[in-house]
Amino acid sequence: MTWIFENWERFWEVTAVHLRLSVVPVLAGFALSIPLGWWASRSPKARLVLFPFANVLFTIPSIALIVITPVLIGTKILDEINVIVPLTVYTVALMIRSVADALSAVPGNVVAAANAMGFRPLRRFLTVDFPLALPVTIAGLRVATVSNISMVSVGALVGLGGYGQLFTEGYQTDNTDKVLAGLIGTVVLAVLADGLLLLIGRLLTPWARVGR
């Protein structure tokens with residue numbers, strides 16, 4: 001804790017980097033997982049392809065994916081995109097099943113009622129299906145967000161990674177306080193992000209609280 005107060009500026013600097021490298025992949029992965037999850041919820045064949053593929057992607061070690069990304073997309077080794085792309089892949093791999101299961105769980109009578117009222121597919125998805133799927137979707141998003149916050153630190157092995165830099169620097173200089181600062185920052189950031197998403201979920205789904 002003492003290192004944080006003595007190096008407040010540096011701590012906020014790595015916090016900003018860690019937050020950026022965590023949030024951008026979550027937002028990108030979430031946006032990509034919605035159409036893929038919708039497709040999987042509508043097509044059994046799509047499920048047979050997407051779910052196993054997502055499982056395989058998630059088994060790839062993060063350090064391996066981060067190291068190979070510059071080779072695959074032609075970026076410089078210290079470009080932040082080399083962490084953002086792999087974490088986006090992991091987010092999509094985690095979220096596809098959550099989105100698909102959430103949309104599949106929308107009651108059939110509600111869907112039938114919306115169709116009977118003349119809702120077109122896009123309008124029904126935006127105003128009926130997706131809102132009702134939000135509780136399960138946000139639960140999956142919370143898992144993906146916390147997972148990303150923890151995995152960002154791996155990027156320190158290639159010169160990136162927010163709090164991961166404190167881990168590597170602390171280990172190299174035998175500075176336990178610096179390692180502890182990175183650990184505390186990671187845990188606090190994960191708890192705050194999870195709490196924020198929980199709050200957003202409750203605000204966006206007031207009917208869920210009434211039902212309970």
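Start with the whole protein chain: of its 212 residues, 42% count as buried. This is a predicted model, so colour by confidence before going further. The mean pLDDT of the chain is 90, and 97% of its residues reach 70 or more. The top of that scale belongs to helix α2 (residues 8-42), with a mean of 94, while confidence is lowest in helix α10 (residues 206-211), at a mean of 66. Where pLDDT is low, the predicted coordinates should not be read in detail.

**The overall view**

Switch to a cartoon and count the elements. The secondary structure comes to 10 helices and zero strands, and reading along the sequence gives the pattern α-α-α-α-α-α-α-α-α-α. Along its principal axes the C-alpha trace spans about 65 × 40 × 20 Å. If you display contacts between residues at least 6 apart in sequence, 71% of them join residues at least 24 apart.

**First stop: α4 against α5**

Select helix α4 (residues 62-73) and helix α5 (residues 81-104), whose axes come within 8 Å and cross at roughly 120 degrees. The two helices are therefore oblique to each other. Looking at the handedness, α4 passes α5 in a right-handed crossing. Now show side chains: α4 contributes Ser62, Leu65, Ile66, Thr69, Pro70 and Ile73, and α5 contributes Ile81, Asn82, Val83, Val85, Pro86, Val89 and Tyr90. Colour this contact by residue class and you will find 10 nonpolar residues, three polar and no charged.

Stay on α4 and centre on Ser62, which lies in this helix. Is Ser62 buried or exposed? Ser62 counts as buried, at 15% relative accessibility, because the cut-off for buried is under 20%. Leaving aside its neighbours within four places in sequence, Ser62 is in contact with Tyr90, Met151 and Val154. Tyr90 is one of the α5 residues in the contact you have just displayed.

**Second stop: α5 against α7**

Keep α5 on screen, hide α4 and bring in helix α7, which covers residues 121-151. The axes of α5 and α7 come within 8 Å and cross at roughly 145 degrees, and here too the crossing is right-handed, with α5 passing α7. From α5, select Leu87, Tyr90, Thr91, Leu94, Met95, Ser98, Val99, Ala102 and Leu103. From α7, select Phe125, Asp129, Phe130, Ala133, Val136, Thr137, Gly140, Leu141, Ala144, Ser147, Asn148 and Met151. By class, the residues of this contact divide into 14 nonpolar, six polar and one charged.

Two α7 residues deserve a closer look. Go to Asp129 in helix α7, where a relative accessibility of 8% makes the residue buried. Beyond its neighbours within four places in sequence, which residues is Asp129 in contact with? They are Leu103, Val106, Val111 and Arg124. Leu103 also appears among the α5 residues of the helix contact.

Then move along α7 to Ala144. Its relative accessibility is 0%, so Ala144 counts as buried. Setting aside neighbours within four places in sequence, Ala144 is in contact with Val26, Thr91, Leu94 and Met95. Thr91, Leu94 and Met95 are among the α5 residues of the contact with α7, and Val26 falls within helix α2, residues 8-42. For a sense of scale, draw a distance from the C-alpha atom of Ala144 to that of Ile81: the two are 63 residues apart along the chain and separated by 18 Å.

**Third stop: the α8 to α9 loop and α9**

Jump to Asp174, in the loop between α8 (163-172) and α9. At 68% relative accessibility, Asp174 counts as exposed. Check its backbone angles as well: phi is near 55 degrees, a positive value in a residue other than glycine. Most residues other than glycine have a negative phi.

Step forward into helix α9 (residues 176-204) and pick Val179. With a relative accessible area of 30%, Val179 is partly exposed. What does Val179 contact once neighbours within four places in sequence are left aside? Val179 is in contact with Leu166, Phe167, Gly170 and Tyr171, residues that fall within the span of α8, 163-172.

For a last distance, connect the C-alpha atoms of Val179 and Ser41: they are 138 residues apart along the chain and separated by 43 Å. Ser41 falls within helix α2, residues 8-42, which is where confidence is highest in the chain.

Key: Residues numbered from 1 in each chain as written. Predicted model: local features only at pLDDT ≥ 70, side-chain atom pairs only at ≥ 80, totals over all residues. Heavy atoms only, no water. pLDDT = per-residue confidence, 0-100. Helix = DSSP H or I, 4+ residues; strand = E, 2+ residues; numbered from the N terminus. Buried < 20%, exposed > 50% of the residue type's maximum accessible area, 1.4 Å probe, protein only. Contact = heavy atoms within 4.5 Å. Axes fitted to C-alpha atoms, helices over the stretch in contact; angles between N-to-C directions. Parallel < 35°, antiparallel > 145°, perpendicular 65-115°, else oblique. Left-handed = near helix turned anticlockwise from the far one by under 90°. Nonpolar A, V, L, I, M, F, W, Y, C, P; charged D, E, K, R; others polar.
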